[in-house]
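Here are my notes from going through this one, written as a few numbered points. Keep the structure open beside you and look up each residue as we get to it.

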Amino acid sequence: GDLEKALCGAWSRLLPSAAECLEASAAKAAHAGQSAVSGDTQLLIMPPYEMRVVDAVVTNFHQPRSTLLMLVAALVDKGLPHAHIANASAMRAFPNLHHIYQHALTNDYRFLSYGDSSFLQP
């Protein structure tokens, strides 16, 4: 949409914080004349979803079978077909994601919410 075009034209690299994501959502709602937004979504970001605005992310390391891991796979392994990451061996279907997690495991990175984080860009 218009917000996407404006953001992509303004910066060569867009890495929003959580607060900026909330502010952008609130601004879009206000622009549409809405004071609140509620409802359900069917959006699940996973391969082969193509990112249109964000081209990098700072995130922690997620568990297999999580929607957050699928979001990371969609970013770092662009263009690959959908595959469910049920366990560590299934991660091999996503070579970049597999490499990132192998590096984290080899170097004793901490996982989950209070663990280490990484800056990921394809």
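1. Let's start with the whole chain: what percentage of the 122 residues of the protein count as buried? It comes to 25%. Keep in mind as you read that this is a predicted model. The accessible surface adds up to about 8,500 Å², and carbon and sulfur atoms account for 55% of that.

2. Next, the layout. The protein has four helices and two strands, and starting from the N terminus they run α-α-β-α-α-β. If you take the contacts between residues at least 6 apart in sequence, 57% of them join residues at least 24 apart.

3. Now find the two strands. Strand 1 covers residues 57–60, and it pairs with strand 2 in the antiparallel sense, over four bridges. To get your bearings, look for T59, which stands opposite S118 in strand 2.

4. Stay with strand 2 (residues 117–120) for a moment. Its covered face has S118 and L120, while S117 and F119 are on the uncovered one. That fits a general pattern: in a regular strand, side chains alternate between the two faces of the sheet.

5. Helix 4 deserves a slow look. It spans residues 95–106, twelve residues in total, and from its first C-alpha to its last it reaches 16 Å, close to the 16 Å expected at 1.5 Å a residue. Just after helix 4 comes D108, which has a positive phi, near 55°.

6. Which residues of helix 4 are buried? They are L97, H98, I100, Y101 and A104. Looking down the axis of helix 4, you'd see these buried residues fall within an arc of 165°, so they line one face of the helix. The general background is that an α-helix has 3.6 residues a turn, so residues three or four places apart point the same way. Over on the other side of helix 4, H99 and T106 are exposed.

7. And what do the buried residues of helix 4 pack against? Their partners are strand 1, strand 2 and helix 3 (67–76). So both strands from point 3 turn up again here, as partners of helix 4.

8. Last, the aromatic rings. One aromatic cluster is formed by F61, Y101, Y109 and F111, and the count of aromatic pairs comes to four. You've met Y101 already: it is one of the buried residues of helix 4.

Conventions: Residues are numbered from 1 along each chain as its sequence is written. This is a predicted model: local features need pLDDT of at least 70, side-chain atom pairs count only at pLDDT 80 or more; totals for chains, interfaces and linings use all residues. Side-chain values use heavy atoms; hydrogens and water are left out. Rings of Phe, Tyr and Trp (its six-membered ring) pair if their centres lie within 6.5 Å; planes under 30 degrees apart count as stacked, over 60 as edge-to-face and the rest as tilted. Buried means under 20% relative accessible area, exposed over 50%, partly exposed in between (1.4 Å probe, protein chains only). Two strands pair if DSSP finds at least two bridges between them. The expected span of a helix is 1.5 Å times one less than its number of residues. The arc is that of the directions from the helix axis to the C-beta atoms. Contact means heavy atoms within 4.5 Å. Accessible areas come from the Shrake-Rupley method with a 1.4 Å probe; for residues, only the protein chains shown count as cover.
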